[in-house]
Structure formats: structure tokens, C-alpha cells
Amino acid sequence: MTYRAGVIGTGGIAGMGILGMHDEDAIGTEKIDASHAGGYASTDDIELVAVADVDEEKLATFGNAWDIPAERQYVGHEAMLDAEDLDVVSVCTPSFLHHEHTIDAARSAADPEVIWCEKPIASQVSAAEEMVEVCEETDTELVVNHSFRFTDKLQRLYDLIHDRDILGEVKSVSTQYRMELMRNSTHVLDTLVYLLDARAAEVSGYINGENEAVDSLDAAQDVVDAGGGGHVVMDDGSFVTVDCTIPRDISSMTLNFIGTEGKLYMNNDDGEWRYWSLEDGEHVEQSLPGIDGAWTWEDDYERSFANAATHVEDLLNGEEENYSPGTEAARSLEIIVGFYLSHYTGASVDIPLAPPLREISITSW
């Protein structure tokens, strides 16, 4: 059986390349495999049949690059959702549009079984919650593209932490990643809540107001997104420090876990994972069972889109449970919004956010 896919938005993540990840000369001019369209192309049973965008020039460029017939290149997502019968829809628009496009797709005549939405899930916690609710009402599986969840190594590490208890009770975590919080840091925060299998309980934050991507992305809309970080107390009692204040060029995505049975150091930019078990009061370095080497951008990130598309295929076949659902994607968003609220009020913020605070919007792309 061949499943039919449609894409809303023709930006880099949809299939045309991402600044900082791909050759700048190729971005926007040719198809890039590390993308939603590339993911679909790697599967056996999903075919990308339609695409929509409000920018007709970008729409035509994408359509030509990915061999989408002109009659299936739609100006505006409503036209595509009205005309096509789709099994899966990718939402690859700026984050402040994810809410509208996901809900429209879930309720549309296209009637997709799966929506594969880019990260971060939304600009507001209330919007993320509504996306989850509508997808539940329409029996639509909402998969959020936090790419690291679709890598074998991170899934194996999750099993080692929770099934093999290699860390015991996690007491402290320190993390570092590049600015900006919404556009980039959602990755490290989602990795945090995934590996801890926990939700923030209290947040204290700092925002530096810096955004290195505004000029390079030629953003057409004013954005709030900036570098920042702070302290987070998770609902499992672990204490987390987050530093996402520095530029891409000097940043390394690191997470350092300290538990009652061991400690773990992860540096995904340098490709180094190290683990020490606690034995008779001393830390002894050990290998991580079943993990060959460390997570790397070149090997694991590049494959994550193909892995995610295969996961979508498995969901359509009824063979898997969603391991990147909207309910969990909202957890990293809560932390980011909490950082902003804490910075501007000078007070710590409790999670779940009070209803009025769930309406606060942190705009990005």
C-alpha cells in the first residue's frame, strides 16, 4: 500500500536546506535529503504527492526540486487540504503558524491519520494544548519533529537509564546549547525531558535578548525568540541548569547527568558520550551497553528524518506507538515560556502554568 503525504510550507526543513546545517550555495535551490521530503523519499510506502505555500516562487522551486506536478502545488494550505486525500501531512511552517496549520489539517477533508509537525510545537502553551486536544478528537496522531528522539542511540540510552537504571535516581543535570531558545534550544530541552521522563515543576529564568539568526534568516516577522536559560526543578526532584545563551560557532550541545548510581556526560557536537558507574563510593568509567560510539550530527541527525518518516510509516501501519507526541513536546515549551516569564517578573514560575500564562506567545520561525 502506498500512503499519500502532503507538505505545508516549503522552507528549509521541508526539503530545501537549513542554514548552518547544509551548504549555503545549495540552500533554497535544490532538494536536501535531511528534511521532511527527504524522509518520505527514503520510505518504501509513503509518496509525497502535494505541497502548499503562500509564496508562489518558493512553492514552484520546491515543487520542481521534488517532482511535484504543477497542479498539486497549492497556493495556501486550505486549497491543498480541500483538494487532496492525504494519509500524512507535514507542517513545516514557522512555529507561530503550527497551531493553525495543524488544527486545519486535523479537521480538513484531507483527513490525515498522522500530522508530522516541526518543532517547537507552538508559540503558546495553550496553542500546543489545543493542538493535542483537536488531534485526539479527530483521531489524528500528532508527531513532533524533535529529531533526536528518532535516533537509535538516544532511544537505547533511554532504555539504559529507565530499564537498566544506570544512573539510579538523577539528582542534577547541567545542559548547554546555542541560542535561540525556541528555534534551537527546544532540542536540548526535549532531550532532557525525554531522558528524565519528567516534567518541569518550577522554573527560574534569564533572557539575554540576543538573536543571531534574524539577519541571516532575513526574517520577515518580528520575533521574540532569544538566547537564555536558567534553573529548573523537575517533578522527579532533579535540579537542572540550562545555558542556551551563546552563538552557534562556539556552542556544544552538552548534557551532564549526576545520579545515585552513576554519571553521564554527553557532547553531541564533539561526538563524545562517557559513562561512570558508582562502585563503593568511586566513579568507574564504563562503556554504554549496546551503544557504539556517541551521537553525532553527521551520522545520527542526517538519518533522523528518514527514521522519523519510517516511524510515521509504522504508525500508519498500526505497528508502533508514537514516541514523540504533542503532550511531551509541550514540556520543553513550558520551560521556555517559564524562562521568559521568570526573567520579566523577577520571580520563579510554577509549572503547569496558570491559565492566563499559557496564553503568552514567544514568536519564532
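**A pocket, a sheet and a long-range salt bridge**

The second largest pocket has a lining of 15 residues, and those nearest its centre are Cys135, Thr140, Glu141, Leu142 and Asn322. The model in which this pocket is found is a predicted one. The space inside the second largest pocket comes to about 270 Å³. Sorted by class, its lining holds seven nonpolar residues, joined by four polar and four charged ones.

Several elements of the chain contribute to this lining. At least two residues each come from helix 6 (125-137), strand 6 (141-145), helix 10 (297-316) and helix 11 (326-345). Helix 6 gives the largest share, with three residues.

Two of these helices offer a convenient path to other parts of the model. Helix 6 carries Glu129, while Arg358 sits in the segment after strand 15. A salt bridge brings the side chains of Glu129 and Arg358 together, at 3.2 Å from N to O. With their positions 229 residues apart, this pair links distant parts of the chain. In total, the model counts 12 salt bridges.

Helix 11, the other of the two, leads to a sheet. This helix lies across strand 8 (200-207), strand 9 (228-234), strand 10 (239-246) and strand 15, and its direction makes an angle of about 55° with strand 8. These strands belong to an open sheet of nine, arranged in the order 14-13-12-11-7-10-9-8-15 with mixed pairing. At the edges stand strand 14 (282-286) and strand 15 (349-350), each of which pairs on one side only.

The mixed character of the sheet can be followed by looking at strand 7 (residues 170-178) and its two neighbours. On one side, strand 7 pairs with strand 11 (residues 254-259) in the antiparallel sense, over six bridges. Within this pairing, Val173 has Phe257 of strand 11 as its bridge partner. Strand 7 also runs parallel to strand 10, again with six bridges joining the two. Here Arg178 is matched with Ile246 in strand 10.

Towards the strand 14 edge, the pairing is antiparallel: strand 13 (residues 272-279) and strand 14 are joined by five bridges. A reader wishing to find this pairing in the structure can look for Trp276, which stands opposite Glu285 in strand 14.

Key: Residues numbered from 1 in each chain as written. Predicted model: local features only at pLDDT ≥ 70, side-chain atom pairs only at ≥ 80, totals over all residues. Heavy atoms only, no water. 1 Å grid on protein atoms, 1.4 Å probe; cavity = no way out; pocket = protein on both sides within 12 Å on 5 of 7 lines; lining within 4 Å. Points joined across faces, edges and corners; volume = space filled by probe spheres on them. Helix = DSSP H or I, 4+ residues; strand = E, 2+ residues; numbered from the N terminus. Nonpolar A, V, L, I, M, F, W, Y, C, P; charged D, E, K, R; others polar. Pairing = 2+ DSSP bridges. Contact = heavy atoms within 4.5 Å. Axes fitted to C-alpha atoms, helices over the stretch in contact; angles between N-to-C directions. Salt bridge = Lys/Arg side-chain N within 4 Å of Asp/Glu carboxyl O.
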